[in-house]
Amino acid sequence: MARIAHLSDIHFGAHDPKVVRATEAWLEEHRPDLVIISGDFTQRARIDQFREASAYLNRLRAAGFQTLVVPGNHDISLYDIARRFGAPLRRYKRYIDNDLCPWFENDELAVLGINTARSLTIKDGRINRDQMTIIHERFQKVAAHKTRILVTHHPLFAMPIGEGGELTEAVGRHDDAVRSVCEAGVHIALAGHFHRTYAEAARKMVENAGSALVIQAGTATSTRFRNNELQSFNWLHVACNNDLELQVIAWDGEHFRRGNHVRYTFEQDNWHARPVVTHDPIPVEEDHRLSAL
């Protein structure tokens with residue numbers, strides 16, 4: 001069984017230092033096989049913010065964690081127009097990771113990260129045709145028994161987690177992106193961006209979307225809340241590519257605690273969700289951080 005910690009939107013420059021330290025302590029205690037951070041390392045792509053984010057990432061790596069990371073729209077300068085269009089991700093590459101299509105593979109998993117952040121959009125994301133080719137080529141070579149996971153900052157699908165429950169924006173070239181994910185046989189699509197936790201079968205959002213399970217992470221360490229949802233990250237236990245458990249690790253104001261916990265199994269051509277009883281859950285009336293199937 002592979003254990004994955006999925007963090008997102010850590011936003012150094014608008015972060016809570018106490019929560020940052022708590023994520024490190026939690027990861028050190030539970031020792032995931034892979035730590036994924038799906039973008040927005042900084043608040044305004046400033047050097048001091050990248051340095052703080054880099055120090056955080058380096059501490060995780062020094063502790064022995066395998067990491068896979070992608071940039072977010074906040075990692076591109078908003079107000080420095082010359083930098084925004086001339087070298088939008090130069091600081092990200094210098095301080096975080098030079099690889100914008102990171103790859104991780106072991107005996108159980110094959111994980112690909114794709115950069116969806118763009119200079120021309122303030123907050124929305126896009127996938128280009130070269131990236132779609134990479135998705136197809138990388139996963140084409142993966143053994144059938146492995147779980148294929150795609151990581152982006154912006155979700156590929158429009159989903160009902162916006163303010164008031166309206167649909168969020170999907171990435172640019174949405175139809176082509178969905179087709180690529182379907183053809184590549186992606187089992188799990190991880191993303192962030194909206195600071196809301198959510199999970200749903202892709203085919204319930206878009207026709208002909210394949211068999212992917214879409215999983216959104218909240219903000220792990222920032223103070224930029226949506227709908228009063230405090231900091232959280234996702235904890236995945238992947239037994240195989242049709243059987244996994246997803247648990248929200250939620251901040252209660254003092255500590256990270258185990259929140260809503262759901263087992264997902266792919267049976268009869270669809271994902272099915274079953275709640276898992278935990279020993280230390282946040283009461284369900286206090287934690288609505290997982291909109292499950």
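**Note on the predicted model: helices, sheets and two buried loop residues**

1. Asparagine 128 caps the N-terminal end of α5. One of its side-chain oxygens lies 3.2 Å from the backbone nitrogen of aspartate 130. The model is a predicted one, and every point below should be read in that light.

2. Helix α5 covers residues 129-140. Its 12 residues, at 1.5 Å a residue, should span 16 Å. The end C-alpha atoms are 16 Å apart, so the expected and modelled spans agree.

3. Which residues of α5 are buried? They are Gln131, Met132, Ile135 and Phe139. These residues cover an arc of only 105 degrees around the axis, and therefore sit on the same side of α5. An α-helix has 3.6 residues a turn, so residues three or four places apart point the same way. The face of α5 turned away from the buried side carries Arg129, Asp130 and Gln140, which are exposed.

4. Next, the sheet that involves β8. It is open, with 6 strands in the order β4-β5-β6-β7-β9-β8 and mixed pairing. The edges are β4 (103-105) and β8. Each has a single partner strand, so one side of each is left without a neighbour in the sheet. From one strand to the next, the twist averages 15 degrees. Helix α5 packs on this sheet, where it touches β4, β5 (109-113) and β6 (147-151). The direction of α5 makes about 165 degrees with that of β5.

5. At the β8 edge, strand β9 (residues 213-216) is joined to β8 by 4 bridges. The two strands run antiparallel. Glutamate 200 stands opposite valine 214 in β9.

6. Threonine 197 is in the loop between β7 (188-191) and β8 (198-201). Is threonine 197 buried or exposed? Its relative accessible area is 2%, so threonine 197 counts as buried; the cut-off for buried is under 20%. Its side chain makes a polar contact of 3.1 Å with that of glutamate 229. A polar contact of 3.4 Å links the side chain of threonine 197 to that of serine 232.

7. The other open sheet described here has 7 strands, ordered β3-β2-β1-β10-β11-β12-β13. Its pairing is mixed. The edge strands are β3 and β13 (270-275), and each pairs on one side only. Direction ignored, neighbouring strands of this sheet are turned by 20 degrees against each other on average. Helix α1 packs on the sheet and touches β1, β2, β10 (232-240), β11 and β12. The direction of α1 makes about 55 degrees with that of β12.

8. Within the 7-strand sheet, β11 (residues 243-251) and β12 (residues 256-267) are joined by 8 bridges. They run antiparallel. Aspartate 243 stands opposite threonine 265 in β12.

9. Helix α2 (residues 47-62) passes the span check too: its 16 residues should span 22 Å, and the end C-alpha atoms are 22 Å apart. Its buried residues are Gln49, Phe50, Ala53, Ser54, Tyr56, Leu57 and Leu60. Seen down the axis, they fall within an arc of 160 degrees, so they line one face of the helix. Arg51 and Ala62, on the other side of α2, are exposed.

10. What do the buried residues of α2 pack against? The partners are β1 (2-7), α1 (17-30), β2 (34-38), β3 (67-70) and α4 (90-95). Helix α2 lies across β1, β2 and β3, and runs at about 160 degrees to β3. Glycine 64 follows α2, with a positive phi near 100 degrees.

11. Isoleucine 10 is in the loop between β1 and α1. Its relative accessibility is 0%, so isoleucine 10 counts as buried. Leaving aside residues up to four places away in sequence, isoleucine 10 touches His15, Ile37, Gly39, Asp40, Phe41, Tyr56, Ala220, Thr221 and Ser222. Tyr56 is also one of the buried residues of α2. The C-alpha atoms of isoleucine 10 and arginine 224 are 9.6 Å apart, although 214 residues separate them along the chain.

12. Finally, the chain as a whole. The protein chain has 6 helices and 13 strands. Of its 293 residues, 57% are buried. Among contacts with a separation of 6 or more, 69% are between residues 24 or more positions apart.

Note on methods: Residues are numbered from 1 along each chain as its sequence is written. This is a predicted model: local features need pLDDT of at least 70, side-chain atom pairs count only at pLDDT 80 or more; totals for chains, interfaces and linings use all residues. Side-chain values use heavy atoms; hydrogens and water are left out. Buried means under 20% relative accessible area, exposed over 50%, partly exposed in between (1.4 Å probe, protein chains only). A polar contact is a pair of N or O atoms within 3.5 Å; within protein, one must be able to donate a hydrogen and the other to accept it, and residues adjacent in sequence count only if both atoms are side-chain atoms. The expected span of a helix is 1.5 Å times one less than its number of residues. The arc is that of the directions from the helix axis to the C-beta atoms. Two strands pair if DSSP finds at least two bridges between them. Axes are lines fitted to C-alpha atoms, for helices over the stretch in contact, and angles run from 0 to 180 degrees between N-to-C directions. Contact means heavy atoms within 4.5 Å.
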